[in-house]
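Please open the structure in a viewer and keep the selection tool at hand. The tour below proceeds step by step, stating at each stop what to select and what is found there.

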Amino acid sequence: MLGVLINILSIIVGGVLGKFIGGFFSEKVRTLVFQSLALAIIVLGIVMSYDGLKAMEASQIGAYATVILVIVLVLGVILGHLLKLEESFDSFARFLEKTFIKDKSHKDENIEQVSFVEALIQSTIILSVGAMAIVGSMQSGIGDTTIIDLKSALDFPTAFFLAATMGWGVVFSSIPTFIYQGLLALLGIAISAYLSPAMLAGFNACGGVMILGIGINMLGIKEINVLSMLPSFLIIPLVAMFFGA
């Protein structure tokens with residue numbers, strides 16, 4: 001849970017600083033910052049997957065670890081596609097936008113309030129809807145803060161530059177983001193007692209692949225549907241139990 005609190009603090013501090021001094025940074029600087037973060041995320045994804053595979057090999061799963069990781073990811077993607085996870089998240093985001101974000105061309109005495117709501121909704125979606133928020137928050141509850149710490153490092157400049165152009169709504173997006181990620185962390189705490197070392201290793205291996213996909217998406221190399229991989233986390237415990245791990 002501490003990892004989630006640090007993540008929320010990074011959003012608040014980044015947003016406040018961005019509100020006051022963010023306008024001094026050019027678009028080129030922003031691009032360079034995000035490219036650097038994307039490369040760091042790719043490296044972390046590779047390291048996480050490797051460490052997770054090694055830990056799986058050290059368990060009862062043994063030499064089958066790599067093959068199992070591939071099978072789990074494939075089955076997870078198929079299940080995620082059948083459940084239409086990506087489409088559901090997109091529809092939810094569009095619903096929020098349609099519900100709360102008004103037509104900018106319509107100017108009235110409440111225009112400042114509308115602008116605040118728009119910033120609140122958009123930044124909440126950017127900061128809390130995604131595989132990194134889900135995986136990082138749950139693993140934070142389990143006791144592994146690697147991903148949520150990386151998300152904090154990413155959210156700080158994101159909130160900084162968003163607040164530079166969108167205002168205080170970005171800072172207040174920390175409230176719904178905290179509720180969302182806090183609930184996921186509590187879920188992680190609730191199930192942590194039932195997870196074996198092999199299951200945790202599998203989570204790390206799958207999570208590493210997803211983090212790698214996020215980094216590739218950030219660089220614009222190829223659009224990877226990371227959200228559809230999330231059901232892999234439901235399959236890993238079943239596979240571990242099958243091997244008695």
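**First stop: H3 and H10**

Begin by selecting helix H3 and helix H10, the latter being residues 197-219. The model is a predicted one. The two helices pack at an angle of about 60°, and their axes lie 11 Å apart. Angles under 35 degrees count as roughly parallel and those from 65 to 115 as roughly perpendicular; the angle here therefore makes H3 oblique to H10. The crossing in which H3 passes H10 is right-handed.

Next, display the side chains at this contact. On the H3 side, select Leu69, Val72 and Leu73; they meet Ala205, Cys206 and Val209 of H10. By class, this contact has six nonpolar residues, with no polar and no charged ones.

**Second stop: H2 and H3**

Keep H3 (residues 65-82) in view and add helix H2, residues 27-57. The axes of H2 and H3 come within 9 Å and cross at roughly 120°. Because of this angle, H2 is oblique to H3. H2 passes H3 in a right-handed crossing.

Which residues make the contact between H2 and H3? From H2, select Leu53, Met56 and Glu57; from H3, select Ala65, Thr66, Ile68 and Leu69. Sorted by class, the contact of H2 with H3 has five nonpolar residues, one polar and one charged. Leu69 deserves a second look: this residue of H3 takes part in the contact with H2, and Leu69 also belongs to the contact of H3 with H10.

**Third stop: H2 and H10**

Now hide H3 and show H2 together with H10. These helices pack at an angle of about 155°, with their axes 7 Å apart. Angles over 145 degrees count as roughly antiparallel, so H2 is roughly antiparallel to H10. H2 passes H10 in a left-handed crossing. The residues of this contact divide into 20 nonpolar, nine polar and no charged.

**Final stop: the second largest pocket**

Finally, turn to the second largest pocket, which holds about 360 Å³ of space. To find it, select Ile134, Met138, Leu230, Phe233 and Leu234, which lie nearest its centre among the 17 lining residues. Then colour helix H6 (131-142), helix H9 (174-192) and helix H11 (232-242), the elements that each give two or more residues to the lining.

Which helix gives the largest share of the lining? That share, five residues, comes from H6. By class, the lining of this pocket has 16 nonpolar residues, one polar and no charged.

Technical notes
Residues are numbered from 1 along each chain as its sequence is written. This is a predicted model: local features need pLDDT of at least 70, side-chain atom pairs count only at pLDDT 80 or more; totals for chains, interfaces and linings use all residues. Side-chain values use heavy atoms; hydrogens and water are left out. Axes are lines fitted to C-alpha atoms, for helices over the stretch in contact, and angles run from 0 to 180 degrees between N-to-C directions. Helices (H or I, at least four residues) and strands (E, at least two) are DSSP runs, numbered from the N terminus. A crossing is left-handed if the near helix is turned anticlockwise from the far one by less than a right angle, and right-handed if clockwise. Contact means heavy atoms within 4.5 Å. Ala, Val, Leu, Ile, Met, Phe, Trp, Tyr, Cys and Pro count as nonpolar, Asp, Glu, Lys and Arg as charged, and the others, Gly among them, as polar. On a 1 Å grid over the protein atoms alone, a cavity is a set of points where a 1.4 Å probe fits but cannot get out, and a pocket is an open set with protein on both sides within 12 Å along at least five of seven lines; lining residues have an atom within 4 Å of a point. Grid points are joined across faces, edges and corners, and a volume is the space filled by probe spheres set on the points.
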